[in-house]
Amino acid sequence: MMPTLLRKPLGKTGKVQDISPESAGWRYVGFAVHRLAAGESVGEETGEREAMLVIVEGKASVSACGEDLGLLGERMSVFEGTKPYAVYVPNGATWSTTAETPCTLAVCTAPGRGGHGLSVVRPQDIATLERGKGANKRYIHPIAMEDADIADSLLITEVFTPQGNWSSYPPHRHDGDEGEDMTYLEETYYHRLNPAQGFGVQRVFTEDGEIDETMAVEDGDVVLVPRGHHPVGAPYGYDMYYLNVMAGPVRKWRFRNHPDHDWIFQRDAKAQGQR
């Protein structure tokens with residue numbers, strides 16, 4: 001049986017999310033979130049897995065691969081809308097962080113192959129993209145997507161969805177190896193809401209109905225997407241942020257829209273002169 005797709009925080013401080021391939025019931029993506037007070041430290045060995053440390057909020061001193069990277073981080077809240085700092089750590093290495101301010105640290109992992117070295121992703125390295133139109137408009141920070149050749153397996157992006165809007169929409173999936181038409185990618189969604197007492201909605205479903213789970217997601221929740229379509233809605237009054245982590249056998253993001261809803265994409269693409 002597939003483990004539940006909705007993962008609630010384990011607490012308010014410390015390691016509040018801890019998702020491994022084993023606990024998720026899949027092969028590639030690992031994801032953890034640490035909520036650190038000023039002065040607290042955390043560190044790990046990467047072993048056979050690469051890691052991307054995303055400083056979601058706050059400031060922290062970071063060391064990795066025996067190198068002191070200094071103090072990283074600027075934004076105190078994801079809802080400032082500014083871009084994060086991130087650090088790529090290859091497999092077979094160690095890393096450590098010490099929070100200078102209250103800090104939210106996301107640790108994204110996937111199989112490493114030794115193809116990339118230590119690197120720092122700074123806000124100026126990250127674009128701001130606008131996707132969709134009308135109530136489907138959202139804003140993207142591609143931290144480590146495939147056009148950035150900095151990882152062996154990991155694909156990572158942030159998405160800001162304004163209140164009342166949808167994202168990861170029209171529904172799409174990336175759960176098969178079909179060359180340039182679609183890639184197999186497992187995915188996690190780390191959700192935040194503003195104000196924090198809010199909620200959003202995420203549905204994960206396959207076309208054959210084997211998976212069909214609709215979840216109310218709250219601040220700090222993680223949703224697992226092992227396969228199938230996975231649209232997200234932000235209710236009126238509550239802006240939504242999520243951090244996506246994807247990985248699979250090929251580091252490419254190729255997806256297929258749901259056949260019943262692809263007309264929305266085609267209509268909007270035509271109106272925007274994309275096709």
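The largest nonpolar core of this predicted model comprises 49 residues, and the members that touch the most others are Phe-31, Met-52, Val-54, Ile-143, Ile-156 and Leu-243. Strand β22, which spans residues 239-247, supplies the largest share of this core, namely six residues. Ile-156 illustrates how distant parts of the chain are brought into contact: leaving aside residues up to four places away in sequence, Ile-156 touches Met-52, Val-54, Cys-108, Pro-142, Ile-143, Ala-144, Met-145, Leu-243, Asn-244 and Val-245. Among these contacts of Ile-156 are Met-52, Val-54, Ile-143 and Leu-243, which also belong to the set of core residues touching the most other members. Apart from this core lies another, of 19 residues, including Ile-55, Val-62, Val-87 and Val-107.

Strand β22 also takes part in an open sheet of seven strands, whose order is β1-β20-β17-β22-β14-β13-β12 and whose pairing is antiparallel. The edges are formed by β1 (6-7) and β12 (129-131), each of which pairs on one side only. At the β1 edge, the partner is strand β20 (residues 222-225), and the two strands are joined in the antiparallel sense over two bridges. Within this pair, Leu-6 has Val-223 of β20 as its bridge partner.

A further antiparallel pair consists of strand β18 (residues 199-205) and strand β19 (residues 212-218), joined by seven bridges. Arg-203 is bridged to Thr-214 in β19. The two strands form a hairpin with six residues between them, and in this hairpin Gly-209 adopts a positive phi near 80 degrees.

Attention may now turn to the backbone geometry of the loops. Two peptide bonds preceding proline are cis: the bond from Tyr-169 to Pro-170 has omega near 5 degrees, and the bond from Asn-194 to Pro-195 has omega near -5 degrees. Pro-170 is placed in the loop between β15 (166-167) and β16 (172-173), whereas Pro-195 lies in the loop between β17 (186-194) and β18.

The loop between β15 and β16 also holds Ser-168, a residue that has a positive phi of about 50 degrees although it is not a glycine. Ser-168 has a relative accessible area of 7% and is therefore buried, the cut-off for that class being under 20%. Cys-65 likewise has a positive phi, near 55 degrees, without being a glycine. Cys-65 is located in the loop between β6 (60-64) and β7 (67-72). With a relative accessibility of 37%, Cys-65 counts as partly exposed.

Gly-25 is found in another loop, between α1 (21-24) and β3 (30-36). Its relative accessible area is 49%, so Gly-25 is classed as partly exposed; a residue counts as exposed over 50%. Gly-25 and Glu-158 are 133 residues apart along the chain, and their C-alpha atoms are separated by 24 Å.

Helix α2, covering residues 262-271, has Ile-264, Asp-268 and Ala-269 as buried residues. Viewed down the axis of α2, the buried residues fall within an arc of 125 degrees, and they therefore line one face of the helix. The face of α2 turned away from this buried side carries the exposed residues Trp-263 and Lys-270.

Technical notes: Residues numbered from 1 in each chain as written. Predicted model: local features only at pLDDT ≥ 70, side-chain atom pairs only at ≥ 80, totals over all residues. Heavy atoms only, no water. Core = buried A, V, L, I, M, F, W, Y, C linked by side-chain atoms within 4.5 Å. Buried < 20%, exposed > 50% of the residue type's maximum accessible area, 1.4 Å probe, protein only. Helix = DSSP H or I, 4+ residues; strand = E, 2+ residues; numbered from the N terminus. Contact = heavy atoms within 4.5 Å. Pairing = 2+ DSSP bridges. Arc of directions from axis to C-beta.
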